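Open the model in your viewer and keep the selection box at hand. The tour below goes stop by stop, saying what to select and what is there.

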Amino acid sequence: MSTTGQIIRCKAAVAWEAGKPLVMEEVEVAPPQKHEVRIKILFTSLCHTDVYFWEAKGQTPLFPRIFGHEAGGIVESVGEGVTDLSPGDHVLPIFTGECGDCRHCHSEESNMCDLLRINTERGAMIHDGESRFSIKGKPIHHFLGTSTFSEYTVVHSGQVAKINPAAPLDKVCIVSCGVSTGLGATLNVAKPKKGQSVAIFGLGAVGLAAAEGARIAGAARIIGVDLNPNRFEEAKKFGVTEFVNPREHDKPVQQVIAEMTDGGVDRSVECTGSIQAMIQAFECVHDGWGVAVLVGVPSKDDAFKTHPMNLLNERTLKGTFFGNYKPKTDIPGVVEQYMNKELELEKFITHSVPFSEINKAFDYMARGEGIRCIITMGA
């Protein structure tokens, strides 16, 4: 492409301060360096993780910054040493990576790459510690190595999944974070058998994706647990068959579920980050074979407490990161599940806005409206 090796000037939505509306700016995007690719972002969406770090609650603030990490685009140019990606490839940038060389990448059981594992405090590229974004010479911080709220971005090649060019980027872009996290938690970690029962704690985007995984696996009963009854009707589209609102019961939720299911569910997936929900999700699975999977991220001072007999009675407790998917190896296959009509993505997408109105997406999430809002770049 004619822009190869050149600085590109484009629009980006920049967060200058915590919690303040993003400002549309012209940014300069430097060419990709060693093991990097520059991507033209066509569609991006807003994830709660973006909002959490934009609000800067409970972590070190890093501003000015370009947020965004769920997106789809086309490779514009590649840096030195990149052999598996070429200009014109359709890709999903991913917030975590796969270097291909570390012990985790060589393990069939792990997706937690030593080099490219999620790092929320890094605001620059790994290669040289420099930002590829600037405004009038002032560096702008990166976010999760992706920074997709920009018409062009630079990403480490290990964080880029090459996908089927026939896949609609305005749909499959949401596979790059929340959907895969919930889907994989069920399909790759909980692994319910056909006809079994599954409890899903938390019916936000990740929880609904976990329910979608249970539906795909053929679960007979999918029990949704949430404090917000407004989510129950929407969850039916994802295969949820029954609902429990903890506020409507005067006994522990795990006891309610045990009574509903003759001793407990076969599998549970926790998607809230609440330590109380994590304990409930573990204690509500059936002894002898029950498996509970923790997805939500707890507060740093939380402690998981349960009686050891719950483990000795042959319940299994597992944790997962990004649904145990390896970004480069596995995410193209998730896209194929959508292309083969096994995975339904349209029902996750409830809003869309042009890039110029990106702050509306933040408003929707603040009001708890919808699941995913697609942001169309160049509009």
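Select helix 4 and helix 10, and show the side chains of Ser180, Leu183 and Leu187 in helix 4; they meet Ile331, Val334 and Gln337 in helix 10. Keep in mind that this is a predicted model. By class, the contact between helix 4 and helix 10 has 4 nonpolar residues, 2 polar residues and no charged ones.

Now turn to the axes. Two packed helices are described by the angle between their axes and by the distance between those axes. Helix 4 covers residues 178-190 and helix 10 covers residues 327-339; their axes come within 12 Å and cross at roughly 90 degrees. Angles of 65 to 115 degrees count as roughly perpendicular, and helix 4 and helix 10 are therefore roughly perpendicular to each other.

**Second stop: a pocket**

Select Asn188, Val189, Lys326 and Asp330, which are among the residues that line the second largest pocket. Add Glu108, Glu109, Ser110, Asn111, Lys191, Lys318 and Asn324 to complete the lining. What volume does the second largest pocket have? About 210 Å³ of space lies in it. Its lining has 1 nonpolar, 4 polar and 6 charged residues.

**Third stop: the parallel sheet**

Select strands 10 to 15. In what order do the 6 strands of this open sheet stand? The order is 12-11-10-13-14-15, with parallel pairing. At the edges are strand 12 (242-244) and strand 15 (316-319), each of which pairs on one side only. From one strand to the next, the twist averages 20 degrees.

Within this sheet, zoom in on strand 13 (residues 267-270) and strand 14 (residues 291-294), which pair in the parallel sense over 4 bridges. Label arginine 267, and look for its bridge partner in strand 14, valine 291.

Next add helix 8, residues 275-283. Helix 8 lies across strand 10 (197-201), strand 13, strand 14 and strand 15. Its direction is at about 170 degrees to strand 13.

Then go to the loop between helix 7 (253-260) and strand 13, where aspartate 262 lies. Most residues other than glycine have a negative phi. Aspartate 262 has a phi near 60 degrees, a positive value in a residue other than glycine.

**Fourth stop: the antiparallel sheet**

Select strands 1, 2, 6 and 7. These 4 strands form an open sheet in the order 1-2-6-7, and the pairing is antiparallel. Strand 1 (8-14) and strand 7 (138-140) each have a single partner strand, so one side of each is left without a neighbour in the sheet. The twist here averages 50 degrees from one strand to the next.

Strand 1 and strand 2 (residues 23-29) run antiparallel and are joined by 7 bridges. To see a pair across them, label arginine 9, which stands opposite glutamate 28 in strand 2.

**Fifth stop: a cis peptide bond**

Select phenylalanine 63 and proline 64. Is the peptide bond from phenylalanine 63 to proline 64 cis or trans? The bond is cis, with omega near -5 degrees, whereas most peptide bonds are trans. Proline 64 sits in the loop between helix 1 (48-55) and strand 4 (70-78).

**Last stop: a cavity**

Rolling a probe the size of a water molecule over the atoms shows where empty space is left. How many cavities of 30 Å³ or more does a search of the whole structure find? The search finds 1. About 90 Å³ of space lies in the largest cavity. Select Arg122, Ile126, Leu144, Gly145 and Gln159: of the 13 lining residues, these are the closest to its centre. The full lining has 7 nonpolar, 4 polar and 2 charged residues.

Key
Residues numbered from 1 in each chain as written. Predicted model: local features only at pLDDT ≥ 70, side-chain atom pairs only at ≥ 80, totals over all residues. Heavy atoms only, no water. Pairing = 2+ DSSP bridges. Helix = DSSP H or I, 4+ residues; strand = E, 2+ residues; numbered from the N terminus. Axes fitted to C-alpha atoms, helices over the stretch in contact; angles between N-to-C directions. Contact = heavy atoms within 4.5 Å. Parallel < 35°, antiparallel > 145°, perpendicular 65-115°, else oblique. Nonpolar A, V, L, I, M, F, W, Y, C, P; charged D, E, K, R; others polar. 1 Å grid on protein atoms, 1.4 Å probe; cavity = no way out; pocket = protein on both sides within 12 Å on 5 of 7 lines; lining within 4 Å. Points joined across faces, edges and corners; volume = space filled by probe spheres on them.
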